[in-house]
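This report describes one protein model for a reader who has not met it before. The sequence and the structure come first, and the description follows.

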Amino acid sequence: MINQKKAYFYGLTAVLLWSTVASAFKLSLRYLDNLELLVISDAFSTTTLAIMLILSRGFGQVLHCTRKEYLRSFLLGILNPFLYYLILFRAYELLPAQEAQPLNYTWAITLALLSVPLLGQKITAADFIGLLLGYFGVVIISTRGLISGFHISEPAGVALALGSTLIWALYWIYCTSDSRDPIVCLFMSFAFSILPAALYYGLFHQFRVPEMSGVAGAAYVGAFEMSITYVLWLLAMRYSENTARVAGLIFISPFLSLVFIHYLVGEPIRCSTMAGLILITAGLLVQKYGSRV
């Protein structure tokens, strides 16, 4: 199965697609609100993952889970995609994409922090330095560089963007103990999330026929942010002779994302955003590779 060229191809394709999703979120939210975007993209993602499982002849695994595994998938589906994307999309409604995207990128730091009480892991010196660098970057972005006055331009949006990292980290921590195929797990959590999303929509949202531009954006988000890109990344890791070679590609994504945000969404990129993102990325690099030095 080792094929480094294939690994780089799948990895770079995944990074390229992930780099476009912040722009896709923001463009879609011009036509849909956060709940509409969640419901429609969830439906497209579930359909996409189902087709993938059918083509790979893995759909049968979905029908042979235990009652405990079905319940687990339902609870995971409440975390992701229901709560995670509901909160994340709301953050994108309140914040410029160039701020929401790097703030959400701190999920790896949140994951390291939660791994201490939930998985019994220890924080190393590299983890601590990475945490400080990362959250200093958060301060720069959320204050738009005005650190002395410490005035957060949009506190609700910042809180939601950071809160989404907590939910995302919890989701992946609880996924680590699941022995099922990761694509099966992802499909089942998305399929089970349709019910709570639909109920929430029916209780708290007035029905309206969405604009086709919004539906197209939600289809892109569902297909690429939530499903196809994830599978491409799994393939990249599977084909690579050394996972670290591919894993490092992910650090290209937030910087490339700013390019798309500038040219597709039309946001002028602030120096504070770039400075904060560099610090967040530096923190993640220290956290990931510092312990090996």
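Helices, like strands, are DSSP runs numbered from the N terminus, and a helix here has at least four residues. The model described is a predicted one.

## Overall fold

The protein has 12 helices and zero strands. Read from the N terminus, the order of elements is α-α-α-α-α-α-α-α-α-α-α-α.

The C-alpha trace spans about 55 × 50 × 40 Å along its principal axes. A compact globule of 293 residues would have a radius of gyration near 19 Å, and the value for the protein, 19 Å, agrees with that. Among contacts with a separation of 6 or more, 85% join residues 24 or more positions apart.

## Surface and charge

Of the 293 residues in the protein, 50% are buried. The exposed area comes to about 13900 Å², and carbon and sulfur atoms supply 69% of this area.

The protein carries 18 positive and 14 negative charges, and the mean positions of the two groups are 9 Å apart.

## Nonpolar cores

The largest nonpolar core holds 66 residues, and the members that touch the most others are Phe-25, Leu-38, Tyr-85, Phe-89 and Tyr-92. Helix α3, residues 67–94, gives this core its largest share, with 10 residues. Another core, of 12 residues, lies apart from it and includes Tyr-10, Trp-18, Leu-232 and Ala-236.

What does Leu-38 touch, not counting residues up to four places away in sequence? Its partners are Pro-81, Phe-82, Tyr-85, Leu-86, Phe-89 and Ala-197.

## Helix α3: Leu-76 and Pro-81

Leu-76 is in helix α3. Its relative accessibility is 5%, so it counts as buried. Leaving aside neighbours within four places in sequence, Leu-76 is in contact with Tyr-171, Tyr-174, Cys-175 and Ser-189. Tyr-220 is 144 residues from Leu-76 in sequence, and their C-alpha atoms are 23 Å apart in space.

Pro-81 is also placed in helix α3. The peptide bond that leads from Asn-80 to Pro-81 is cis, with omega near 20°. Most peptide bonds are trans. Pro-81 is one of the residues that Leu-38 touches.

## Glu-36 in helix α2

Helix α2 covers residues 34–55 and contains Glu-36. Is Glu-36 buried or exposed? Its relative accessible area is 4%, so Glu-36 is buried.

Beyond residues up to four places away in sequence, Glu-36 touches Tyr-31, Tyr-201, His-205 and Arg-208. Glu-36 and Phe-89 are 53 residues apart along the chain, and 9.9 Å separates their C-alpha atoms.

## Thr-20 and Trp-233

Thr-20 belongs to helix α1, residues 4–28. With a relative accessibility of 12%, Thr-20 counts as buried. Apart from neighbours within four places in sequence, Thr-20 is in contact with Tyr-220 and Phe-260.

Trp-233 lies in helix α9, residues 212–239. The cut-off for a buried residue is under 20% relative accessible area, and Trp-233, at 15%, is therefore buried. Which residues are in contact with Trp-233, leaving aside its neighbours within four places in sequence? They are Gly-11, Ala-14, Val-15, Trp-18, Val-246, Ala-247 and Ile-250. Trp-18 is among the members of the core of 12 residues. The C-alpha atoms of Trp-233 and Phe-9 are separated by 9.9 Å, with their positions 224 residues apart along the chain.

## Two loop residues with positive phi

Most residues other than glycine have a negative phi. Arg-57 is a residue other than glycine with a positive phi, near 60°. Arg-57 is found in the loop between α2 and α3. Its relative accessible area is 80%, so Arg-57 is exposed.

Arg-144 is not a glycine either, and its phi is positive, about 55°. This residue sits in the loop that runs between α6 (125–142) and α7 (155–175). Where a relative accessible area over 50% would make a residue exposed, Arg-144 has 31% and therefore counts as partly exposed.

Conventions:
Residues are numbered from 1 along each chain as its sequence is written. This is a predicted model: local features need pLDDT of at least 70, side-chain atom pairs count only at pLDDT 80 or more; totals for chains, interfaces and linings use all residues. Side-chain values use heavy atoms; hydrogens and water are left out. The radius of gyration is taken over C-alpha atoms; the globule rule is 2.2 Å times the number of residues to the power 0.38. Buried means under 20% relative accessible area, exposed over 50%, partly exposed in between (1.4 Å probe, protein chains only). Contact means heavy atoms within 4.5 Å. Accessible areas come from the Shrake-Rupley method with a 1.4 Å probe; for residues, only the protein chains shown count as cover. Lys and Arg count as positive and Asp and Glu as negative; His and the chain ends are not counted. The place of a charge is taken as NZ of Lys, CZ of Arg, CG of Asp or CD of Glu. A nonpolar core is a set of buried Ala, Val, Leu, Ile, Met, Phe, Trp, Tyr and Cys residues joined through side-chain atoms within 4.5 Å.
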